[in-house]
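Have your viewer ready and a selection box open. Could you walk with me through this model, one stop at a time?

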Amino acid sequence: MKLGTLEWVPAGDRPDLLADPVARAIGAMTSEMASGVAGEVSVAPIDPALADTAAFCERYGVAPEESANCVIVAAKRGGETRYAAVMVLATMRADVNGVVRRHLDARKTSFAPQQEAVALSGMEYGGITPLGLPDDWPVLVDAEVARRPLLVIGSGIRGSKLALSGEALARLKTAEVVALAQ
């Protein structure tokens, strides 16, 4: 696989480069083989100080349109808070207060506070990824993300990145493809 200047290896071969929930999710996908996603996920180590998208893309030669960001959204209605992951290309912004709010049937949506997102996901801020999130969290994948042949996303830690196709993201158990970007 050629994406930027990174050395990619199968993610299942390097659990040390993954947050624990991500490693468990990839292991479960490998043993199930139902989704076929696990075999399509690669990982590469990076400098944790360069995990933020702009710095990462510049340093490792990955175009921003080949990078997708995962944001955790808190959706509130009737005193209940539900969480969802939203995947958009690094070149786009998710319409959290419009499309995402309506899709989640919420009165109010906002980005989950950093400490909350980290505690609930078991991942590092700046590395949160849809693989390994709680099973009751929908993963809203922007249609542009789903169309990409190859993408770079977080690995659950700041010291590595995952690569997979948009189609593989769209096949995650809790994924829903939606036009989310503005």
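Select Arg77 first: in this predicted model, Arg77 is partly exposed, with a relative accessibility of 33%. Now add Asp105, whose side chain forms a salt bridge with Arg77, the closest N and O atoms being 3.7 Å apart. Colour the surroundings and you will see that this pair links distant parts of the chain: Arg77 sits in strand S3 (residues 68-77), while Asp105 is in the loop between helix H3 (96-103) and strand S5 (108-111), 28 residues apart. Asp105 is also partly exposed, at 49% relative accessibility.

Next, pick Asp52 and Arg158. Their side chains meet in a salt bridge, at 3.3 Å from N to O. Which parts of the chain does this pair tie together? Asp52 lies in the loop between strand S2 (42-45) and helix H2 (53-60), and Arg158 in the loop between strand S7 (151-154) and strand S8 (160-164), so the salt bridge ties together parts that are 106 residues apart in sequence. Is Asp52 buried, partly exposed or exposed? Its relative accessible area is 45%, which makes Asp52 partly exposed.

Move on to Arg14 and show Asp16 beside it. These two form a salt bridge as well, with 2.6 Å between the closest N and O atoms. Arg14 has a relative accessible area of 31% and counts as partly exposed.

For the last close-up, select Glu40, Glu167 and Arg171 together: a network of salt bridges links these three residues. The structure holds six salt bridges in total.

Now clear the selection, zoom out and switch to a cartoon. You should find six helices and nine strands in the chain. The radius of gyration is 15 Å, close to the 16 Å that the globule rule gives for 182 residues, so the chain is as compact as a globular protein of that length. Turn the C-alpha trace along its principal axes, and it spans about 45 × 35 × 30 Å.

Try a contact display next. Of the contacts between residues at least 6 apart in sequence, 70% join residues at least 24 apart.

Finish with the surface. Its accessible area comes to about 8,600 Å², and 50% of that belongs to carbon and sulfur atoms. Colour by burial, and buried residues make up 48% of the 182 in the chain. Colour by charge, and there are 18 positive and 22 negative side chains to find, with the centres of the two sets 7 Å apart.

Methods: Residues numbered from 1 in each chain as written. Predicted model: local features only at pLDDT ≥ 70, side-chain atom pairs only at ≥ 80, totals over all residues. Heavy atoms only, no water. Helix = DSSP H or I, 4+ residues; strand = E, 2+ residues; numbered from the N terminus. Rg over C-alpha atoms; globule rule 2.2 N^0.38 Å. Buried < 20%, exposed > 50% of the residue type's maximum accessible area, 1.4 Å probe, protein only. Contact = heavy atoms within 4.5 Å. Areas by Shrake-Rupley, 256 points an atom, 1.4 Å probe, with all protein chains shown as cover. Lys, Arg positive; Asp, Glu negative; His and termini not counted. Charge placed at Lys NZ, Arg CZ, Asp CG, Glu CD. Salt bridge = Lys/Arg side-chain N within 4 Å of Asp/Glu carboxyl O.
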